[in-house]
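Please go through the briefing below with the model open. It is grouped by topic.

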Amino acid sequence: MLRSQWRRFGGGPKTPLLVAHGGPGVPSDYLEPLAALGNERSVYLWDQLGCGRSDRPTDPSLWTIPRFVEEMHAVRTSLGLDRVHLLGQSWGTCLSVEYLLSKGDRGVKSVTLAGPVMSAARYVADVQPMLRELSSEQRAVIAQAEATGQFETPEYMAATEAFYA
């Protein structure tokens, strides 16, 4: 059985916040500053399947939006979040919108879309100018990884860190 891992910060009395991180494949660690909201509400960060503290299966059939939506629903259900605020960041915005479209908004008090990605084609077009700001070596490493599917090399990790910076 595959497992997604989540973390809870705080336990304030207000409606909890469930956060869908960016990526896919980027762990939720960069969203830990949201823990500061814990005095007023519980903040739940979860690492989606394939990243962070969650299981890392290699079956490519798992990497579908409907499966990620089911994962989000399973996390929300298992945590008993009958009433919740949703925060989606980057890829998490796509996931949050798909969640609402397929599962409905029952118990969802609000949705915040931070750095929304609503179209993969639009995202690819938008990042092209940013990729051109990288060195030719960094661009070559990224292109090589995209061509071969080898995204775990130290060179690729360094190039993506430079891109994110």
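Directly after helix α2, Gly104 adopts a positive phi of about 85°. The model is predicted. The points below start with α2, then turn to Pro16 and to the pair α4 and α5.

**Helix α2**
- At 1.5 Å a residue, the 13 residues of α2 should span 18 Å. The end C-alpha atoms of α2 are 18 Å apart, so the expected and modelled spans agree.
- The buried residues of α2 are Trp91, Gly92, Thr93, Cys94, Leu95, Ser96 and Tyr99.
- Their cover includes strands β1, β2 (41–47), β3 (84–89) and β4 (108–114), along with helix α1 (65–78).

**Ser96, within α2**
- Ser96 sits in α2, which runs over residues 91–103.
- The relative accessible area of Ser96 is 1%, so this residue is buried; the cut-off for buried is under 20%.
- Leaving aside residues up to four places away in sequence, Ser96 touches Ala20, Met72, Leu87, Gly88 and Leu113.

**Pro16, within β1**
- Pro16 belongs to strand β1, residues 5–20.
- Pro16 has 18% relative accessibility and therefore counts as buried.
- Tyr44 is 28 residues from Pro16 along the chain, yet their C-alpha atoms are separated by 7.6 Å.
- Tyr44 is also one of the residues that Pro16 touches. The others listed are Arg41, Ser42, Leu81, Arg83, Val84 and His85, with residues up to four places away in sequence not counted.

**Helices α4 and α5**
- Two packed helices are described by the angle between their axes and the distance between the axes.
- For α4 (residues 136–148) and α5 (residues 154–164), the angle is about 120° and the axes are 9 Å apart.
- The two helices are therefore oblique to each other, since an angle of 65 to 115 degrees would count as roughly perpendicular and one over 145 as roughly antiparallel.
- The crossing of α4 past α5 is left-handed.
- On the α4 side, Gln138, Val141, Ile142 and Ala145 make the contact. On the α5 side, Glu155, Tyr156, Ala159 and Ala162 do so.
- Sorted by class, this contact has six nonpolar residues, one polar and one charged.

**Span and end of α4**
- From its first C-alpha to its last, α4 reaches 18 Å with 13 residues. That is close to the 18 Å expected at 1.5 Å a residue.
- Just after α4 comes Gly149, with a positive phi of about 75°.

Technical notes: Residues numbered from 1 in each chain as written. Predicted model: local features only at pLDDT ≥ 70, side-chain atom pairs only at ≥ 80, totals over all residues. Heavy atoms only, no water. Axes fitted to C-alpha atoms, helices over the stretch in contact; angles between N-to-C directions. Helix = DSSP H or I, 4+ residues; strand = E, 2+ residues; numbered from the N terminus. Parallel < 35°, antiparallel > 145°, perpendicular 65-115°, else oblique. Left-handed = near helix turned anticlockwise from the far one by under 90°. Contact = heavy atoms within 4.5 Å. Nonpolar A, V, L, I, M, F, W, Y, C, P; charged D, E, K, R; others polar. Expected span 1.5 Å × (residues − 1). Buried < 20%, exposed > 50% of the residue type's maximum accessible area, 1.4 Å probe, protein only.
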